[in-house]
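Visitor: I've got a new model open and I'd like to learn how to read it. Can we go through it together?

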Amino acid sequence: DPAPPPPPARELVGMALSERADIVAYRLGITRAKADVKLAHANRYSDVYLLYQPYTFQNNAPFDAKSAHSWALGVTVPLPLYNRNQGNIQRARINVVQSQNELAAVERQAVAEVERSERDYAVSRNSVSRIERSLIPDATQVRDNAFRRYRSGEVDVIAYLNAQRDLNEVIRQYRDTLVRHRRAMLRLNTVVGQRILP
C-alpha cells in the first residue's frame with residue numbers, strides 16, 4: 001500500500017456527508033417535499049377567471065326587433081365553503097418531516113459506516129505491515145536455516161519441508177491480509193462517496 005493514509009475520520013465524515021449520492025438525493029427530496037407544501041398551499045383556492053368579450057352581436061331580425069351590439073366583462077370567483085385541499089397540505093407537511101427524519105437516519109448510518117471502514121482500513125494496514133516486517137523475514141530465515149542444516153546433514157528432509165510449509169502458510173496469510181486490506185480500501189472509498197485511496 002504505497003498510498004499515504006487517508007485523512008482523519010472527522011474529515012472523512014464531512015466528505016461523506018457532502019458527497020455521497022444517497023445523502024444528496026435525500027436532501028433533494030426534502031427540497032421537493034417543501035415545494036410540495038408550497039404547491040398545496042397555492043392550490044387551496046380555486047383560480048379566479050376574468051372574462052372579456054369585446055364585441056357581441058345579437059341578431060333579433062327573426063323576432064322583428066332591433067339587433068343589439070354589446071360588450072361584456074365578467075369575473076368568476078368560486079367561493080370554497082369547504083376547502084378539500086387541507087388533507088393535501090397536511091400530507092405534504094408530514095412528507096417534509098418524514099424526509100427530514102430519513103435524512104437524519106441516513107446521515108447517522110453514513111457516519112457509522114465511515115468510522116467502521118476507517119478502523120478496518122487502519123487495522124488491515126497494520127496487519128500487512130506487521131507481516132511484512134516480522135513474520136515473512138522470520139519464516140524465511142527459519143526455512144533458510146533448515147535448508148542449510150539439511151544440506152550439512154544435521155537434520156532430515158522432513159524438518160526442511162516443515163519449515164517450507166510454515167513459510168508457505170505465512171505467505172498465504174499475507175496474501176489473504178492483502179486482499180482484506182484492498183477490500184477495506186475499496187469500502188472506505190465507497191462509504192465516503194469519492195476516491196481517496198488508489
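Guide: Sure. Let's start with surface: accessible areas come from the Shrake-Rupley method with a 1.4 Å probe. This is a predicted model, and its chain exposes about 14200 Å². Carbon and sulfur atoms supply 55% of that area.

Visitor: What share of the 198 residues counts as buried?

Guide: Buried means under 20% relative accessible area. Here 24% of the residues meet that mark.

Visitor: And how do I read the radius of gyration of the chain?

Guide: Set it against a compact globule. For 198 residues, such a globule would come out near 16 Å, but this chain has 39 Å. The box tells you about shape too: along the principal axes, the C-alpha atoms fill roughly 140 × 30 × 25 Å.

Visitor: Which pattern does the chain follow along the sequence?

Guide: Reading along, you get α-α-β-β-α-α, made up of four helices and two strands. As for contacts between residues at least 6 apart in sequence, 69% join residues at least 24 apart.

Visitor: Let's zoom in on one residue. Where does Arg20 lie?

Guide: Arg20 is in the loop between helix H1 (9-19) and helix H2 (21-42).

Visitor: Is Arg20 buried or exposed?

Guide: Buried, because its relative accessibility is 9%, and the cut-off is under 20%.

Visitor: Which side chain does Arg20 join in a polar contact?

Guide: That of Glu113, at 2.8 Å. Beyond its neighbours within four places in sequence, Arg20 also has contacts that include Met15, Ala110 and Val191.

Notes:
Residues numbered from 1 in each chain as written. Predicted model: local features only at pLDDT ≥ 70, side-chain atom pairs only at ≥ 80, totals over all residues. Heavy atoms only, no water. Buried < 20%, exposed > 50% of the residue type's maximum accessible area, 1.4 Å probe, protein only. Polar contact = N/O pair within 3.5 Å; in protein donor to acceptor, adjacent residues only side chain to side chain. Contact = heavy atoms within 4.5 Å. Rg over C-alpha atoms; globule rule 2.2 N^0.38 Å.
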